[in-house]
Amino acid sequence: DSAQLPGPSHPVVFTSGLGLSDGNDSPTAWLGSEVFGVSQTPQVLLDHIVRDDGGRLRIAWDTVDGALDPHFVRSMADAHTRLLGRLAEDDAAWTERALAHDPSFHPDQPVTVNAFESTGPLLTDPFIARADDSSPAVFSGTTAYSAESLRCRAADIARSLAARGIGPGDTVAVSAEKSPAQIIAVLGVAASGAAYVPVEPNWPAERVASVIRQADIAHALVAADVDRSRWPAAVDVLAFDAAGKIDDDSPDLDRAVPRRPDPGDLAYVIFTSGSTGEPKGVAVEHRAVRTTLDDLMGRYPLTSDDRVLGLSAFSFDLSVFDIFSVLGAGGSLVLPTARACATPGIGWT
């Protein structure tokens, strides 16, 4: 009886694997022929998966047993397949109004007030508008960093970048282990108006070189304890210490003023895992990421009383929620120490 099941957090999830293969084979062909496959994601009733498979479009609907009538799921999947076939064969079907879904019969429902609706449209605006500067924003070990401390240290980095002519339209790599300094460096690049590009310290030199080439990186912020020998000489590498401070003696530093980007400017560039070939950069604009974060805040509101464990690697796309949404809502980000993450029995992804 589906009425006895708890309400799912994500009733329907659409998973796209399009573009992961070269069109001639499936992206997992190197593992052999697939005999059986299923996705089992907690709190998901229906996982709709599409991917390329040897020049064909492969569709999978994975559902929770007992949550939906199996005949209903089969009928709905068959109708979906027929619709895709029609769209593939009839160009006119793409503009046929009869195929559009009209949700007007649904009653009006109140929309949760967005915690960020009074701020500007940029990724950094919620954090800049944070009311209580003295409240703890990042916990690491036994140390707490206030929002004011993070903002001041990020502003110093932004001025150092601005003194080098870096601003909107530029990309700056950031390489550091999960730490307050990493958060400060990301905030600093964002405050400069440039887009940050995460580069994990454990990436091989070939991957770092690929990211530098594809993202057209000329400047990098690298933690002092990270091996800098993998960075090409053409990249201007600025080292920052555990407090997020750059030792900068630039003569233009005092006169440097960071420029505010437009909503259509890049906020960050995240690179894929590269498991099916060369890593590819996904460039995200401020307005696009704010649309995502604002929607998440509407669904899962955060307040200044919230503490969020920051486990996501910053090279993972939605790590921006950990950083910018949590801090922007006045909450605190709790970072496990590297030593704790390396302890047997404690996993960290």
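This is a short tour of helix packing and aromatic contacts in a predicted model.

**Stop 1: α3 and α4**

Select residues 147-163, helix α3, and residues 180-192, helix α4. Their axes are 7 Å apart, and the packing angle is about 55 degrees. That angle makes α3 oblique to α4. Look along the pair: the crossing of α3 past α4 is right-handed.

Now show side chains. On α3, pick Leu150, Arg153, Ala154, Ile157, Ala158 and Leu161. They meet Ile184, Ala185, Leu187, Gly188, Val189, Ala191 and Ser192 on α4. Colour this contact by class and you get 10 nonpolar residues, two polar and one charged.

**Stop 2: α4 and α7**

Keep α4 and add helix α7, residues 319-328. Here the axes of α4 and α7 come within 11 Å and cross at roughly 80 degrees. Angles of 65 to 115 degrees count as roughly perpendicular, so α4 is roughly perpendicular to α7.

Select Ile183, Val186, Leu187 and Ala190 on α4. Their partners on α7 are Ile323, Phe324 and Leu327. What classes of residue make up the contact of α4 with α7? Seven are nonpolar, with no polar and no charged residues. Leu187 is worth a label: it appears in the contact with α3 and in the contact with α7.

**Stop 3: α6 and α7**

Stay on α7 and bring in helix α6, residues 286-299. The two axes come within 11 Å, crossing at roughly 75 degrees. α6 and α7 are therefore roughly perpendicular to each other.

From α6, show Val289, Leu293, Leu296 and Met297. From α7, show Val320, Phe321, Phe324 and Ser325. This contact of α6 with α7 holds seven nonpolar residues, one polar and no charged.

**Stop 4: the aromatic cluster**

Centre on Phe324. Phe324 takes part in the α7 contact with α4 and in the one with α6. Add Tyr196 and Tyr268 to the selection: with Phe324 they form one aromatic cluster. How many aromatic pairs does the whole structure have? The search finds two.

**Stop 5: arginines over rings**

Move to arginine 207 and tryptophan 203. The charged end of arginine 207 sits over the tryptophan 203 ring, 4.0 Å from its centre.

Finish with arginine 151 and phenylalanine 127. Arginine 151 lies over the face of phenylalanine 127, at 5.0 Å from the ring centre.

Definitions and conventions: Residues are numbered from 1 along each chain as its sequence is written. This is a predicted model: local features need pLDDT of at least 70, side-chain atom pairs count only at pLDDT 80 or more; totals for chains, interfaces and linings use all residues. Side-chain values use heavy atoms; hydrogens and water are left out. Axes are lines fitted to C-alpha atoms, for helices over the stretch in contact, and angles run from 0 to 180 degrees between N-to-C directions. Helices (H or I, at least four residues) and strands (E, at least two) are DSSP runs, numbered from the N terminus. Angles under 35 degrees count as roughly parallel, over 145 as roughly antiparallel, 65 to 115 as roughly perpendicular and the rest as oblique. A crossing is left-handed if the near helix is turned anticlockwise from the far one by less than a right angle, and right-handed if clockwise. Contact means heavy atoms within 4.5 Å. Ala, Val, Leu, Ile, Met, Phe, Trp, Tyr, Cys and Pro count as nonpolar, Asp, Glu, Lys and Arg as charged, and the others, Gly among them, as polar. Rings of Phe, Tyr and Trp (its six-membered ring) pair if their centres lie within 6.5 Å; planes under 30 degrees apart count as stacked, over 60 as edge-to-face and the rest as tilted. A charge sits over a ring if NZ of Lys or CZ of Arg is within 6 Å of the ring centre and within 35 degrees of the ring normal.
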